[in-house]
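The following exercises concern a single protein chain. Each task is followed by a solution that proceeds step by step.

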Amino acid sequence: MSATLTNPSSAPPATGRPRVVPARRTGQWAAAAAVLVLLALGLVSVVRNKAFQWGVVGDYFTSTAVLRGLGLTLWLTALVMVLGFALGTLLAVFRLSANPVLRAVGWGYVWFFRSTPILVQLLFWFNIGALYPQILGVRTVDLLGPVAVALIGLTLHEAAYAAEVVRGGILSVDRGQIEAAQSLGLGRWRRLTRIVLPQAMRSIIPPAGNMLIGTLKGTSIVSVIAVQDLLYSVQLVYHRTYQVVPLLLVATLWYVAVTSILSVGQHYVERHYARGTAGPR
């Protein structure tokens, strides 16, 4: 009986499993390196380009006029979102109602305000005095100033989109949940507020967060009716100093900073409502 000698170095692993060799990704690493180099070159060119006038950007970044415009932008964004979603939720309930008249009103509102540009709506409200010189005995010019016009126009426009977001969230709730609430004898309002909306929030929050960021940036359009928001404030400065590029950079950096903070907040709100599901972690 003969024995066969085996080279220990060629013996399979003790576990008997084949050794996994990671695939070479030379192309991916080369592409990543090229992208990083291009980004670095672009960043260096922006920082070192004297035409951007970074010193001027630093001087005006926290100036009183700019901070006042930023405050109005944030105030307008918050109020438009609250009022827009309040009206949008009502419109969503209308659209889901068994009453054909309410359904038609909800559908017509959404159709009309989504079909007309927001700039046209703002200009219409700004010139409402030509159609109705007085409302309740008060001159329209005195009743509706530029800020009030901006608030009305943006809110009505936002409500049309908020209605579809809320409606989509409500429709995402499993029908069995509603039937279970009905079997417990809960009224329609309690079913909506206690059962449907808390579960619908998982579907409502992501698009609502996008709408919030979009509204923040969209408020810049009110500068056309002389509302002194962030963009209009920097415009007033560069019309006086003729330093257009650095002042536009001031507005851009503030928009980027605020939207970044809102994006972080949106992430944590989404994670809160995704608890117990396969949502984001």
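**Exercise 1. Two annotated spans**

How far apart do the end C-alpha atoms of residues 244-265 lie, and what percentage of the span is helix?

Solution. The model is a predicted one.
- Step 1. The end C-alpha atoms of residues 244-265 are 32 Å apart.
- Step 2. The span is 100% helix and 0% strand.
- Step 3. For residues 211-232, the corresponding distance is 22 Å, with 50% helix and 0% strand in the span.
- Step 4. Both spans come from the UniProt record, an unreviewed entry, which lists residues 29-48, 69-94, 106-126, 211-232 and 244-265 under "transmembrane region".

**Exercise 2. Overall architecture**

Determine how many helices and strands the chain has, and describe their order and the general character of the chain.

Solution.
- Step 1. The chain contains eleven helices and two strands.
- Step 2. Along the sequence, their order is α-α-α-α-α-β-β-α-α-α-α-α-α.
- Step 3. The chain has 281 residues, of which 31% count as buried.
- Step 4. Its accessible surface amounts to about 17,800 Å², and carbon and sulfur atoms account for 66% of that area.
- Step 5. Consider the contacts between residues at least 6 apart in sequence: 73% of them join residues at least 24 apart.

**Exercise 3. Salt bridges**

Identify the salt bridges of the chain and establish which residues they link in a network.

Solution.
- Step 1. Side chains of opposite charge can pair when their charged atoms come close.
- Step 2. The cut-off applied here is a side-chain nitrogen of Lys or Arg within 4 Å of a carboxyl oxygen of Asp or Glu. Under this rule, the count is two salt bridges.
- Step 3. One of them joins Glu164 to Arg95, with the closest N and O atoms 2.7 Å apart. This pair links distant parts of the chain: Glu164 belongs to helix H7 (residues 146-171) and Arg95 to helix H3 (residues 64-95), the two being 69 residues apart.
- Step 4. Glu164 also forms a salt bridge with Arg167, at 3.0 Å from N to O. Arg167 and Glu164 are separated by about one helical turn, because they stand three residues apart in helix H7.
- Step 5. Arg95, Glu164 and Arg167 are therefore linked in a network of salt bridges.
- Step 6. As to accessibility, Glu164 is buried, with a relative accessible area of 19%, whereas Arg167 is partly exposed, at 21%. The cut-off for buried is under 20%.

**Exercise 4. Aromatic pairs**

Classify the geometry of the pair Phe112 and Phe113, and state which residues are joined with them by ring pairs into a cluster.

Solution.
- Step 1. The structure has six aromatic pairs.
- Step 2. Phe112 and Phe113 form one with 5.2 Å centre to centre and 90° between the planes. Planes over 60 degrees apart count as edge-to-face, and the pair is edge-to-face.
- Step 3. Phe112 is partly exposed, at 42% relative accessibility, while Phe113 is buried, at 11%.
- Step 4. Phe124 and Trp125 also make an edge-to-face pair, with 6.0 Å centre to centre and 80° between the planes. Phe124 is partly exposed, with a relative accessible area of 44%, and Trp125 is partly exposed at 23%.
- Step 5. Ring pairs join Tyr109, Phe112 and Phe113 into a cluster.

**Exercise 5. A surface patch**

Which residues form a nonpolar patch on the surface together with Leu36?

Solution.
- Step 1. Leu36 is located in helix H1 (residues 26-48).
- Step 2. Leu36 is exposed, because its relative accessible area is 58% and exposed means over 50%.
- Step 3. Val35 and Leu39 form the patch with Leu36; together the three have about 310 Å² of accessible area.

**Exercise 6. Contacts across the sequence**

Describe the surroundings of Leu67 and Thr259, leaving aside residues within four places in sequence.

Solution.
- Step 1. Leu67 lies in helix H3 and is partly exposed, with a relative accessible area of 38%.
- Step 2. Leu67 is in contact with Phe61, Thr62 and Trp254.
- Step 3. Between Leu67 and Asp229 the C-alpha to C-alpha distance is 9.5 Å, although they are 162 residues apart in sequence.
- Step 4. Thr259 is found in helix H11 (residues 244-273) and is buried, with a relative accessible area of 14%.
- Step 5. Thr259 touches Ile213, Leu216 and Lys217.

Methods: Residues numbered from 1 in each chain as written. Predicted model: local features only at pLDDT ≥ 70, side-chain atom pairs only at ≥ 80, totals over all residues. Heavy atoms only, no water. Helix = DSSP H or I, 4+ residues; strand = E, 2+ residues; numbered from the N terminus. Buried < 20%, exposed > 50% of the residue type's maximum accessible area, 1.4 Å probe, protein only. Patch = residues over 30% accessible without salt bridge, like charges linked within 9 Å, V, L, I, M, F, W, Y side chains within 5 Å. Areas by Shrake-Rupley, 256 points an atom, 1.4 Å probe, with all protein chains shown as cover. Phe/Tyr/Trp six-rings, centres within 6.5 Å; stacked < 30°, edge-to-face > 60°. Contact = heavy atoms within 4.5 Å. UniProt positions renumbered as here; feature names shortened; annotations may be inferred.
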